[in-house]
Amino acid sequence: MEEEREKMRQEIRDKYNIKKKEEIVEQAPQEEPNPLMRKKKTPEELAAEAEQEDLDDFTKLKNSIETQVNEIKTQIEGKCSLQ
């Protein structure tokens, strides 16, 4: 019965030019059960991650907005004086 089903499936694949899914068994990197036991990052890896974060578009936008807000804040504080 399974052979008949597979034959029908193959006919459908042939008709619609569909490739058969091959089961790929990938071995995922085994993570340690305890996150405290993970491999420590080297200073180079940490620097690369920090640089990657700096290059992120969202981070750039956030930093530019923060800079503009701080500039406006200092301008307003300079014009206003509380007595």
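**Close-ups of a three-helix chain**

**View 1. Arg13 is a buried charged side chain.** Arg13 has a relative accessibility of 13% and counts as buried. The cut-off for buried is under 20%, so a value of 13% qualifies. The model is predicted. Arg13 belongs to helix α1. Two polar contacts of the Arg13 side chain are shown. One goes to the side chain of Glu6, at 3.2 Å. The other goes to the side chain of Gln10, at 2.8 Å. Which residues touch Arg13 once its neighbours within four places in sequence are set aside? They are Glu6, Ile18, Lys19 and Lys20.

**View 2. Glu6 pairs with Arg13 and with Arg9.** Side chains of opposite charge can pair when their charged atoms come close. Between Glu6 and Arg13, the closest N and O atoms of the salt bridge are 3.2 Å apart. Between Glu6 and Arg9, the closest N and O atoms are 3.3 Å apart. Why are Glu6 and Arg9 separated by about one helical turn? Both lie in helix α1, and they are three residues apart. An α-helix has 3.6 residues a turn, so residues three or four places apart point the same way. Glu6 is partly exposed, at 26% relative accessibility. Arg9 is partly exposed too, at 34%. Arg13, in contrast, is buried, at 13%.

**View 3. Lys41 and Glu49 form a salt bridge, and a network joins four other residues.** The closest N and O atoms of Lys41 and Glu49 are 2.6 Å apart. Are these two partners buried or partly exposed? Lys41 is partly exposed, with a relative accessible area of 44%. Glu49 is also partly exposed, at 34% relative accessibility. Elsewhere, salt bridges with shared partners link Glu2, Glu6, Arg9 and Arg13 into one network. In total, the model has five salt bridges.

**View 4. Helix α1 has the span expected of its residue count.** Helix α1 runs over residues 2–16. How far apart should the ends of its 15 residues be, at 1.5 Å a residue? The expected span is 21 Å. The end C-alpha atoms are 21 Å apart, which agrees. The expected value is 1.5 Å times one less than the number of residues, so the count of steps, rather than of residues, sets the span.

**View 5. Asn17 follows α1 with a positive phi.** Most residues other than glycine have a negative phi. Asn17 is not a glycine, yet its phi is positive, at about 55 degrees. Where does Asn17 sit? Its place is in the loop between α1 and α2. Asn17 is exposed, with a relative accessible area of 69%.

**View 6. Ile12, Tyr16 and Ile18 make a nonpolar surface patch.** The patch covers about 320 Å². Ile18 lies in the loop that separates α1 (2–16) from α2 (43–55). Ile18 is partly exposed, at 47% relative accessible area. A patch residue needs over 30% relative accessible area, so the 47% of Ile18 clears that cut-off. Ile18 also contacts Arg13, as View 1 shows.

**View 7. The whole chain sets the close-ups in context.** How many helices and strands are there? The protein chain has three helices and zero strands. Along the sequence, the pattern reads α-α-α. Buried residues make up 1% of the 83 residues. Arg13 is one of the buried residues, at 13% relative accessibility. The accessible surface comes to about 9200 Å². Carbon and sulfur atoms account for 54% of that surface.

Notes. Residues numbered from 1 in each chain as written. Predicted model: local features only at pLDDT ≥ 70, side-chain atom pairs only at ≥ 80, totals over all residues. Heavy atoms only, no water. Patch = residues over 30% accessible without salt bridge, like charges linked within 9 Å, V, L, I, M, F, W, Y side chains within 5 Å. Areas by Shrake-Rupley, 256 points an atom, 1.4 Å probe, with all protein chains shown as cover. Salt bridge = Lys/Arg side-chain N within 4 Å of Asp/Glu carboxyl O. Helix = DSSP H or I, 4+ residues; strand = E, 2+ residues; numbered from the N terminus. Buried < 20%, exposed > 50% of the residue type's maximum accessible area, 1.4 Å probe, protein only. Polar contact = N/O pair within 3.5 Å; in protein donor to acceptor, adjacent residues only side chain to side chain. Contact = heavy atoms within 4.5 Å.
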